[in-house]
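Thanks, everyone, for making the time this morning. I would like to walk you through one model, going from the overall layout to a single helix and then to a single lysine, so please have the sequence and the structure open in front of you.

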Amino acid sequence: MEQIGIIGSGAMGSGIAQVAATAGHKVILFDTSSFALENANTTLTTGLSKLAEKGKISLDDSNENMMLEFITCNNAYNQCLMLIMTTLHKIQQGPICENYR
């Protein structure tokens, strides 16, 4: 299973995470704000449940949320096939994680 890292858990990052998870990828969603990650988790859970209710995905597929990991920073991106950045990052702040300069 391919792992995708998404930097930014706002509307765009959450949307990409939902599409990637329902396509069968393990997703690591990063944000510097734990509050933003909590909102993303709620949004994704609600969105997947609505898709299951409408019959767009099976109830088993809605459990793809279990393939989502929410982090504030660590080296989990080392195993990612792809990183998608959905936020602006100020260069003077330095790297988001030590392994990605």
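What you have on screen is a predicted model, and the protein in it contains 3 helices and 4 strands, which follow one another from the N terminus in the order β-α-β-α-α-β-β. Of its 101 residues, 36% are buried, and if we take the contacts with a separation of 6 or more, 62% of them are between residues 24 or more positions apart. The accessible surface amounts to about 6,200 Å², with carbon and sulfur atoms contributing 55% of that.

Let me turn to the interior. The largest nonpolar core is made of 11 residues, among them Ile4, Ile6, Val27, Leu29, Leu37 and Leu68, and the elements that supply two or more residues to this core are strand E1 (3-7), helix H1 (11-22), strand E2 (26-30) and helix H2 (34-53). There is also a second, separate core of 7 residues, which includes Ile28, Phe30, Ala76 and Tyr77.

Now to helix H2, which has 20 residues and spans 29 Å from its first C-alpha to its last, close to the 28 Å expected at 1.5 Å a residue. Which of the residues in H2 are buried? They are Leu37, Ala40, Leu44, Gly47, Leu48 and Ala52, and because these buried residues fall within an arc of 135° when one looks down the axis of H2, they line one face of the helix. That agrees with the general rule that an α-helix has 3.6 residues a turn, so residues three or four places apart point the same way. Phe35, Glu38 and Glu53, by contrast, are exposed on the other side of H2.

As for the ends of H2, Ser33 caps the N-terminal one, with a side-chain oxygen 3.3 Å from the backbone nitrogen of Phe35, while just after the helix Gly55 adopts a positive phi of about 80°.

Finally, I would like to look at Lys26, which is found in strand E2. Is Lys26 buried or partly exposed? With a relative accessible area of 26%, Lys26 is partly exposed. Setting aside neighbours within four places in sequence, Lys26 is in contact with Met1, Glu2, Gln3, Ile4, Met67 and Glu69, and with the last of these, Glu69, there is a polar contact between the two side chains at 3.2 Å. The C-alpha atom of Lys26 is also separated by 8.6 Å from that of Gly5, a residue 21 residues away along the chain.

Key. Residues are numbered from 1 along each chain as its sequence is written. This is a predicted model: local features need pLDDT of at least 70, side-chain atom pairs count only at pLDDT 80 or more; totals for chains, interfaces and linings use all residues. Side-chain values use heavy atoms; hydrogens and water are left out. A nonpolar core is a set of buried Ala, Val, Leu, Ile, Met, Phe, Trp, Tyr and Cys residues joined through side-chain atoms within 4.5 Å. Buried means under 20% relative accessible area, exposed over 50%, partly exposed in between (1.4 Å probe, protein chains only). The expected span of a helix is 1.5 Å times one less than its number of residues. The arc is that of the directions from the helix axis to the C-beta atoms. A polar contact is a pair of N or O atoms within 3.5 Å; within protein, one must be able to donate a hydrogen and the other to accept it, and residues adjacent in sequence count only if both atoms are side-chain atoms. Contact means heavy atoms within 4.5 Å. Accessible areas come from the Shrake-Rupley method with a 1.4 Å probe; for residues, only the protein chains shown count as cover.
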